[in-house]
Amino acid sequence: QVQLVESGGGLVQPGGSLRLSCAASGSIFGMNRMGWYRQAPGKQRELVAVQTSGGSTNYADSVKGRFTISRDNAKNAVYLQMNSLKPEDTAVYYCNAGASTWGGPGAYWGQGTQVTVSS
């Protein structure tokens, strides 16, 4: 079993910054891709950014140049630095990770953290 715990959401003004953190715990043999998704009210959940265990990254076009994903493999943690935030970035942000455990590989989700961009 793997647990993902997010932190760092909150209320920020347009143009501001936030840093989200996600830490994985449990009987983990190895972490594979780790990333962030978001879901705004009335919309489908969408990919924001993802990073493989080898370091390759992929970003949604809407956040390229503003958001940066990074990870600390020793801590089984992933981070999302969000700069130049816009009202349309308002959503619940979810951490997602692929992990290998005693039970085999699986995909896991955090509980979500609210990010609100408003003046």
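Arg 66 is buried in this predicted model, because its relative accessible area is 10% and the cut-off for buried is under 20%. The residue is placed in the loop between β6 (57–59) and β7 (67–72). A polar atom of the Arg 66 side chain lies 2.8 Å from the backbone oxygen of Ser 62. Leaving aside neighbours within four places in sequence, Arg 66 is in contact with Gln 81, Met 82, Asn 83, Ser 84, Leu 85, Lys 86 and Asp 89.

The next stop is the start of the chain. In a regular strand, side chains alternate between the two faces of the sheet. Strand β1 (residues 2–7) has a covered face made of Val 2, Leu 4 and Glu 6. Its uncovered face holds Gln 3, Val 5 and Ser 7. Strand β1 is joined by six bridges to strand β3 (residues 18–26), and the two run antiparallel. One residue of the uncovered face, Val 5, has Ala 23 of β3 as its bridge partner.

Strand β3 also leads to a covalent link. A search of the whole structure finds one disulfide. The disulfide is formed by Cys 22 and Cys 95, with their sulfur atoms 2.1 Å apart. Which parts of the chain does this pair tie together? Cys 22 lies in strand β3 and Cys 95 in strand β9, so the link ties together parts that are 73 residues apart in sequence. The angle about the S-S bond is -80°, and the link is left-handed. Both cysteines, Cys 22 and Cys 95, are buried.

Strand β9 brings us to the aromatic rings. A pair of aromatic rings is described by the distance of the centres and the angle of the planes. Three aromatic pairs are found in a search of the whole structure. One of them is Phe 29 with Trp 102, which is edge-to-face, with 4.8 Å centre to centre and 70° between the planes. This pair links distant parts of the chain, 73 residues apart. Phe 29 is in strand β4 (residues 28–39), while Trp 102 is in the loop between β9 (91–101) and β10 (104–109). Are these two residues buried or exposed? Phe 29 counts as exposed because its relative accessibility is 55%, and the cut-off for exposed is over 50%. Trp 102 is exposed too, with a relative accessible area of 71%.

Another pair is Tyr 94 with Trp 109, also edge-to-face, at 6.5 Å centre to centre and with 85° between the planes. Tyr 94 lies in strand β9 and Trp 109 in strand β10, so the pair ties together parts that are 15 residues apart in sequence. Tyr 94 counts as buried, at 14% relative accessibility, whereas Trp 109 counts as partly exposed, at 40%. Ring pairs link these two residues with Tyr 37 into a cluster.

A charged residue also takes its place at these rings. The charged end of Arg 45 sits over the ring of Tyr 94, at 3.7 Å from the ring centre. Arg 45 lies over the face of Trp 109 as well, at 4.6 Å from the centre of that ring. Tyr 94 therefore appears in two settings: it forms an edge-to-face pair with Trp 109, and its ring has the charged end of Arg 45 over it.

Definitions and conventions:
Residues numbered from 1 in each chain as written. Predicted model: local features only at pLDDT ≥ 70, side-chain atom pairs only at ≥ 80, totals over all residues. Heavy atoms only, no water. Phe/Tyr/Trp six-rings, centres within 6.5 Å; stacked < 30°, edge-to-face > 60°. Helix = DSSP H or I, 4+ residues; strand = E, 2+ residues; numbered from the N terminus. Buried < 20%, exposed > 50% of the residue type's maximum accessible area, 1.4 Å probe, protein only. Lys NZ or Arg CZ within 6 Å of the ring centre and 35° of its normal. Polar contact = N/O pair within 3.5 Å; in protein donor to acceptor, adjacent residues only side chain to side chain. Contact = heavy atoms within 4.5 Å. Pairing = 2+ DSSP bridges. Disulfide = S-S within 2.5 Å.
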